[in-house]
Amino acid sequence: MKKVYEVKYFDKTKNKIMTMPLEDMVSILLSIESNPNFHIEALKAQAVAIRTNLARNQLKAVEIDKEPIFEDGVSRGKINKAVNETEGIVITYDGKPIDAQYHLSCGGSTENSENITGNQVLYLRRVLCNYCKNSPYWQNEKSFLLEEIQELISRRYPDFKVEDLEIVGFMEDIERDDYGRVRYLKVGNEIISGSEIMELLELDSTRFIILPTGVKFISRGKGHGMGLCLYGANKMAEEGYSFDEILKYYYTGVEIEKAKLPSEERPLNGRIITIDPGHGGDDCGYKGDYLGLLEKDLVLEISLMLKDRLEELGALVFLTRDKDQNLLAIERIRKANEINPDFFISIHMDYFPNSTMKGVEMFHFRDDEISKKIGLSIMKSLKELNIPTRGVKEGNFYVFRAIGTSSLMLEAGFLSNKEEEIKFKDRKYIEKLVTSIWKGIRNYFI
Ligand SMILES: [Zn+2]
Ligand SMILES: [Zn+2]
């Protein structure tokens, strides 16, 4: 029997997290967020974008904030067709589902992600789009009194001052990008970004001009402007483009393919895990008292073995280092945050003056429930294989604080304990240890 992949969502009436099949969730979200009058290929493009975001954020429960609108049988039929005909298909970049941003209408060109969020995302590049020209959002006018603008800006900028409330020179030094979106402008004594003005004055987009008759803003487009332009997609569909051509037009350099979703054989499909072997290079970490084994070598051996085992289950595994090299904490953090994994595990060895101390010890960051649960799951499988453990505790490490994901620090054994150091000389023991870490992680995710 084919296992249906389920997504988590927050059920407001029951006030708890529930699950439903992925494709059902795509239907619900598409019926909330799309325009059923759109061409079927445009609806398919949006269905794929929605599915991609669900596949990307598997650990997060979906919040449904509106009721689905199924106005009539025709709309419902179109929504179902769009979902069924793209079943399982997602947009990927480098083998991973993308952050499939979309907006109603771009007003002439979409936007580079760094101009909106500050982060450069390679597939969210500016593309020209005249397709949304006939959309109801192509152009929009909004007028303000100078006093109104002053009041709205002062909410965010308490020191905001204007010499004279006069239209001439009230807003000046407008800096635009080559495509007409306002990047910055000067109002009174403040320099404010176009996206902040858009937010503060509730304009439809950053592509606006100001007419000094009162102060009238004429803005073009609707939404942040990143990624898929929905009205543009509709027009392209009407002109005969298919959903995958539309998606490839708006998302730069992506692939359209079947999602690698968790299955019976590969339960960690779609999961991203980063393993961080401690120390390396000049920094050897602890050294065994009896055999002189080095922490940096042992943790690398464990990490490489763990990577292979987790990849067999379908996970995408990254190592912060895969050889004996120097690596600063800041680089470990950068590597982890760049990838934004579901889980980060740092591997170390322990040492204590009292040489009888032994066993695997784990630390999670305060309030990090996920890594605490993964730690407890690993502890359970360690016990099953009779490996001594010292439990899962709360730790407060620099690395954890800066990593934007659930992180666990695992200390695999004490190099100050002769008996334990000897065990680490034996590859069989390391295999057994890795098996229990691997099992613990797997059991948490399935
Ligand atoms: Zn557009
Ligand atoms: Zn260490």
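Two rings of Phe, Tyr or Trp count as a pair here if their centres lie within 6.5 Å. Keep that cut-off in mind and select Y131, Y241, Y249 and Y250: ring pairs link these four tyrosines into a cluster. One thing to know as you click around is that this is a predicted model.

**Stop 1: the zinc ion**

Now pick ligand 2, the zinc ion, and show the side chains around it. Which protein atoms act as its donors? You'll find NE2 of H279, an OE atom of E295 and ND1 of H348, lying 2.1 Å from the zinc. Along the chain, these donors follow the spacing H-x15-E-x52-H. Colour by secondary structure and you'll see that E295 belongs to helix α9 (residues 295-312), while H348 sits in strand β17 (residues 343-350). That pair is 53 residues apart and links distant parts of the chain. Are E295 and H348 buried or exposed? Both are buried.

**Stop 2: strand β17**

Since H348 has brought you to β17, select the whole strand. How many of its residues are buried? The count is 8 of 8, so to speak a strand that is mostly covered. Turn on the side chains and look along the strand: F343, I345, I347 and M349 point one way. F344, S346, H348 and D350 point the other way, and the residues of both groups are buried.

Next, bring in the strands that pair with β17. Strand β15 (residues 272-277) runs parallel to β17, with 5 bridges between them. To find your place in that pairing, look for I273, which stands opposite F343 of β17. Strand β20 (residues 407-414) also pairs with β17 in the parallel sense, here over 6 bridges. The landmark for this pairing is I345, which has L408 of β20 opposite.

**Stop 3: a three-stranded sheet**

Jump to residues 171-176, which make up β8. What is the strand order of the sheet that holds β8? The order is β8-β9-β10, in an open sheet with antiparallel pairing. β8 and β10 (190-193) are the edge strands, each pairing on one side only. On average, neighbouring strands in this sheet are turned by 20° against each other, ignoring direction. Zoom in on β8 and β9 (residues 182-187): their antiparallel pairing covers 4 bridges. M171 is a handy residue to label, as V187 in β9 stands opposite.

**Stop 4: aromatic rings**

Back to the rings. By the pairing rule the model has 8 aromatic pairs. Select F424 and Y429 for one of them: their centres are 5.3 Å apart and their planes make an angle of 80°, an edge-to-face pair. F424 is buried, at a relative accessible area of 3%. Y429 is buried too, at 9%.

Then move on to Y444 and F445. Their ring centres are 5.0 Å apart with the planes at 80°, so this pair is edge-to-face. How accessible is each partner, Y444 and F445? Y444 has 25% relative accessibility and counts as partly exposed, whereas F445, at 9%, counts as buried.

**Stop 5: the ring of W438**

Finish at W438, and show R309 and R442 with it. The charged end of R309 sits over the W438 ring, 4.2 Å from the ring centre. R442 also lies over the face of W438, with 5.1 Å to the ring centre.

Notes: Residues numbered from 1 in each chain as written. Chains lettered and ligands numbered in written order. Predicted model: local features only at pLDDT ≥ 70, side-chain atom pairs only at ≥ 80, totals over all residues. Heavy atoms only, no water. Donors = N, O, S within 2.8 Å, 3.2 Å for Na, K, Ca; no water. Helix = DSSP H or I, 4+ residues; strand = E, 2+ residues; numbered from the N terminus. Buried < 20%, exposed > 50% of the residue type's maximum accessible area, 1.4 Å probe, protein only. Pairing = 2+ DSSP bridges. Axes fitted to C-alpha atoms, helices over the stretch in contact; angles between N-to-C directions. Phe/Tyr/Trp six-rings, centres within 6.5 Å; stacked < 30°, edge-to-face > 60°. Lys NZ or Arg CZ within 6 Å of the ring centre and 35° of its normal.
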